[in-house]
Structure formats: C-alpha cells, structure tokens
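The following paragraphs lead the reader through a protein structure, from its overall make-up to individual side chains. Please keep the sequence and the model in view while reading.

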Amino acid sequence: MTFNFNAPVGQVIAGDQTVTGDNIGTQNNYYGIDDPNTQQLAKELDEILQGIVPQISDPTSEAGKEIITAAALEEIENKPTLKDRLVAAFKAGAFEAIKKIAKNDFVEVFLTAFKAGLEAKPKK
C-alpha cells in the first residue's frame, strides 16, 4: 500500500509518502503577521498604551502593570468594535503576531490579561 500526501514539510506521515511542490522560504509560525487587520490591531493597541504608560510612575512594577491593564481594558470597553476584533484575533491565534508587531513593551502584559479574562468568562 502506498500513501500519497501533498502535505507541508514538517508533518509526521506514516508509510510511504510522496511530497510534491516546493517549500521555499522561511517558515513563520505567527499567524496573521502579514495580515493588515492584525497590523491595525497592533497599531491601535500601541496608541492606547502610549496614552496610558507615561502617566504611571513605575510601569514596570506589578502594580503599574495592573494599572496599565485596567486602564487599557476600560478604554477598549468603550470601543466595542475594537474589543470584538481582539476577541476574534484571540480565537484565530493572532495574539503572538500582535505581540511581534506592536512596538509598545506593555502589549504583551495587556494581551496576557485580556486572554486570561476571556478564558475566565463562562462559555455561552
């Protein structure tokens, strides 16, 4: 018996296999990094955090990170479309791409808290 798969390189396939096509370039495991919507989300989060972070006396402390996260969450609550887009990005696995694209160091702190909040909510 012969199995013929047209699968991406790197998958484990049992049995005889034939792989067709070229795998040229660099593998990128960050879903959505080239997606304009993901880039726009990262830009919007940068802008929100740029308005918040300078107001905190010690943004690197745990208390400072909590204040930044709470303020960012409050601002996002006032922008329902942004919140919906963040939820969609989380479901699509684009948070890693947003972290990579965003220029503000506190995006990762905020996204971690946002993700925890989403996971803590009961499923409907």
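Of the 124 residues of the protein, 31% count as buried, where buried means under 20% relative accessible area, exposed means over 50%, and partly exposed lies in between (1.4 Å probe, protein chains only). The model is predicted, so local features need pLDDT of at least 70 and side-chain atom pairs count only at pLDDT 80 or more, while totals for chains, interfaces and linings use all residues. Residues are numbered from 1 along each chain as its sequence is written, and side-chain values use heavy atoms, with hydrogens and water left out.

The secondary structure comprises five helices and zero strands; helices (H or I, at least four residues) and strands (E, at least two) are DSSP runs, numbered from the N terminus. Along the sequence the pattern is α-α-α-α-α. Contact, here and below, means heavy atoms within 4.5 Å. Among the contacts with a separation of 6 or more, 59% are between residues 24 or more positions apart.

Helix α1 is a suitable place to begin. With 17 residues, α1 reaches 25 Å from its first C-alpha to its last, close to the 24 Å expected at 1.5 Å a residue; the expected span is 1.5 Å times one less than the number of residues. Its buried residues are T38, L41, A42, E44, L45, D46, I48, L49 and I52, and they pack against α2, α3, α4 and α5.

Two of these buried residues of α1, E44 and D46, carry a charge that counts as negative, as Asp and Glu do, whereas Lys and Arg count as positive and His and the chain ends are not counted. E44 counts as buried because its relative accessibility is 17%. Leaving aside neighbours within four places in sequence, E44 is in contact with L82 and R85. The side chains of R85 and E44 meet in a salt bridge (2.6 Å, N to O), the term denoting a side-chain nitrogen of Lys or Arg within 4 Å of a carboxyl oxygen of Asp or Glu. Because R85 lies in helix α3 and E44 in helix α1, the pair ties together parts that are 41 residues apart in sequence. R85 itself is partly exposed, with a relative accessible area of 30%. D46, by contrast, is buried yet has no salt bridge; the nearest side chain of opposite charge, K103, is 5.5 Å away. Beyond four places in sequence, D46 is in contact with A102, K103, N104 and V107.

The partner helix α3 can be examined next. Its 13 residues should span 18 Å at 1.5 Å a residue, and its end C-alpha atoms are indeed 18 Å apart. Which residues of α3 are buried? They are L82, K83, L86, V87 and A89. Seen down the axis of α3, these buried residues fall within an arc of 160 degrees, so they line one face of the helix; the arc is that of the directions from the helix axis to the C-beta atoms. The face turned away from that buried side carries the exposed residues P80, T81, D84 and K91. What covers the buried residues of α3 includes α1, α2 (62-77), α4 (95-101) and α5 (107-120). Just after α3, G93 takes a positive phi of about 80 degrees.

L86 of helix α3 (residues 80-92) leads into the interior. This residue counts as buried because its relative accessibility is 0%. L86 touches L41, L45, I76, F95, F110, L111 and F114, not counting residues up to four places away in sequence. L86 and T38 are 48 residues apart in sequence, with C-alpha atoms 9.1 Å apart in space.

In soluble globular proteins, nonpolar side chains tend to be buried together. A nonpolar core is a set of buried Ala, Val, Leu, Ile, Met, Phe, Trp, Tyr and Cys residues joined through side-chain atoms within 4.5 Å. Of the 25 residues in the largest such core, L45, L86, I98, F110 and L111 touch the most other members. Each of α1, α2, α3, α4 and α5 supplies at least two residues of this core, and the largest share, six residues, comes from α1. L111 touches L45, L86, F95, I98 and K99, again without residues up to four places away in sequence.

The structure holds four salt bridges. Besides the pair described above, E96 forms one with K99, the closest N and O atoms being 3.2 Å apart. E96 and K99 are three residues apart in helix α4, and therefore separated by about one helical turn.
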